[in-house]
Amino acid sequence: MLSDAEASELLSFLSSGSRADVKGTATEFLLGLSGHRDGCRFLRARPDLVSAVFALTSDPSIAVAKDSYRVVINLSADETLHQVLVSEVRVLPVLLRNLQDPDYALADHVCTVLSNLTRHQKTCRTVFQVLQEELTLAKLVEIFCSNGYNQKNHLHYLGPVLSNLSQLPEVRTVLLDRDRCVIQRLLPFTQYRASVVRRGGVTGTLRNCCFDHSQHDWLLGDGVDILPFLLLPLAGPEELSEEENEGLPVDLQYLPEDKEREEDPDIRKMLLETLMLLTATKAGRKTLKDRNVYAVVRELHRWEKDVHVGAACQKLVEVLIGDEPERGMENLMEVQIPEDVEEKLKEADEKEREELEREEEEKRREEEERREEEEEEEKK
């Protein structure tokens with residue numbers, strides 16, 4: 001690693017007054033350094049170098065500014081550097097001001113840094129506090145939902161930022177404020193075909209919001225009507241009976257033959273988990289049963305190839321076709337589970353996970369064998 005003298009020399013190269021080629025060489029060096037753990041550890045002890053490279057994110061040279069941002073992105077991916085970035089270098093006010101500027105050329109880099117910084121709860125809470133001071137969460141949602149807000153950037157990574165932020169109860173309070181109409185603006189993005197990152201971020205946000213079971217009636221009611229936005233990405237082109245179609249939400253009835261499901265298995269799993277959360281209350285289960293969610297999940301289960309998504313389907317189906325819990329246990333989120341039962345459930349989950357991994361490994365082996373056989377045939 002660098003000696004103190006070498007680090008001081010490097011710091012002088014990172015000065016805004018240095019020649020562009022010198023700054024370019026210095027930021028390239030730091031980019032390589034920040035790409036591995038030892039380099040990050042070294043930079044954690046040298047916040048002066050981190051401050052200097054962050055200052056160069058506003059350099060007139062776009063190449064220098066981009067490399068500087070890449071260094072900060074690498075550093076923000078390491079949780080042990082979060083306090084240096086947030087408390088010592090104080091990157092957040094600058095990042096949020098840049099994000100708000102519709103002409104800012106490197107806004108996507110800002111989004112990536114914010115996505116990294118909000119992954120862990122402690123720093124996530126700090127980001128939210130500064131966000132409320134500099135921008136507000138409502139404004140962040142507005143930027144995310146405004147098509148073409150920044151003509152030079154997509155801002156897709158604001159999706160994961162919102163998903164990460166929504167792990168905080170205080171963020172969910174804002175998102176679920178019935179007078180602000182915030183959550184409703186996010187719903188259409190569960191089907192945003194142009195970006196899996198944006199779809200995944202919004203789906204994660206909706207799932208986190210559904211942990212607040214007191215809001216389920218409102219979310220499922222006319223005020224939000226969340227159900228069609230969760231179900232439509234899971235629905236395929238399968239032909240359902242007249243009776244089944246009539247029970248579905250209007251947007252799910254008589255879908256065309258070319259209807260495609262959500263392509264990303266992780267997003268499909270999150271959508272199913274969100275529906276599962278909505279079955280936590282008796283009223284929620286009744287709504288999902290009355291609106292024939294079972295028919296969509298049943299067809300998804302028949303079609304699904306991913307074992308983890310298939311398992312999530314199976315759990316939801318069991319709730320939808322199963323008997324109601326006994327009196328006093330209707331709210332599944334408030335049921336106190338005895339320790340011995342909880343231990344058995346954990347063991348069952350672990351056993352199921354191992355079984356799924358075994359099945360996945362077998363499928364992988366079979367696929368490899370099939371490919372090898374095909375290659376042998378081609379050689380002949």
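## Salt bridges and helical packing in a predicted model

The structure holds 22 salt bridges. The model is a predicted one, and the following report describes its overall make-up, a selection of its charge pairs, one helix with its surroundings, and some local features.

**Overall make-up.** The chain comprises 380 residues, of which 46% count as buried. Its secondary structure consists of 22 helices and zero strands. Among contacts with a separation of 6 or more, 72% are between residues 24 or more positions apart. The chain exposes about 19,900 Å², and carbon and sulfur atoms supply 47% of that area.

**Charge pairs.** Side chains of opposite charge can pair when their charged atoms come close. Three of the salt bridges are set out below.

| Pair | N to O distance | Separation in sequence |
|---|---|---|
| R199 and E262 | 2.7 Å | 63 residues |
| E238 and R261 | 2.8 Å | 23 residues |
| R268 and E304 | 2.7 Å | 36 residues |

The side chains of R199 and E262 meet in a salt bridge. R199 belongs to helix 14 and E262 to the loop between helix 17 and helix 18, so this pair ties together parts that are 63 residues apart in sequence. R199 is buried, at 1% relative accessibility, and E262 is likewise buried, with a relative accessible area of 1%. Both residues also take part in a network of salt bridges that links R193, R199, E262 and E263.

A salt bridge also joins the side chains of E238 and R261. This pair links distant parts of the chain, with E238 in the loop between helix 16 (227–231) and helix 17, and R261 in the loop between helix 17 and helix 18. Here E238 counts as partly exposed at 28% relative accessibility, whereas R261 counts as buried at 7%.

R268 forms a salt bridge with E304. The distant parts linked by this pair are helix 18, which holds R268, and the loop between helix 20 (293–303) and helix 21 (307–321), which holds E304. R268 is buried, with a relative accessible area of 6%; E304 is also buried, at 11%.

**A patch of negative charge.** On the surface, E239, E257, D258 and E260 gather in a patch of negative charge. One of these residues, E260, is found in the loop between helix 17 (242–247) and helix 18 (265–278). E260 is exposed, because its relative accessible area is 59% and exposed means over 50%.

**Helix 10 and its cover.** The buried residues of helix 10 are L137, L140, V141, I143, F144 and C145. Their cover includes helix 7 (92–100), helix 9, helix 11 (158–165), helix 12, helix 13 and helix 14 (196–209). Helix 14 thus appears in this cover and also carries R199 of the salt bridge to E262.

**Positive phi angles.** T136 lies in the loop between helix 9 (121–134) and helix 10 (137–145). Its phi is near 85 degrees, a positive value in a residue other than glycine. T136 counts as partly exposed, at 31% relative accessibility. C181 is not a glycine either, yet it has a positive phi of about 55 degrees. C181 is placed in the loop between helix 12 (169–175) and helix 13 (183–186). With a relative accessible area of 41%, C181 is partly exposed.

Note on methods: Residues numbered from 1 in each chain as written. Predicted model: local features only at pLDDT ≥ 70, side-chain atom pairs only at ≥ 80, totals over all residues. Heavy atoms only, no water. Patch = residues over 30% accessible without salt bridge, like charges linked within 9 Å, V, L, I, M, F, W, Y side chains within 5 Å. Areas by Shrake-Rupley, 256 points an atom, 1.4 Å probe, with all protein chains shown as cover. Salt bridge = Lys/Arg side-chain N within 4 Å of Asp/Glu carboxyl O. Lys, Arg positive; Asp, Glu negative; His and termini not counted. Charge placed at Lys NZ, Arg CZ, Asp CG, Glu CD. Helix = DSSP H or I, 4+ residues; strand = E, 2+ residues; numbered from the N terminus. Buried < 20%, exposed > 50% of the residue type's maximum accessible area, 1.4 Å probe, protein only. Contact = heavy atoms within 4.5 Å.
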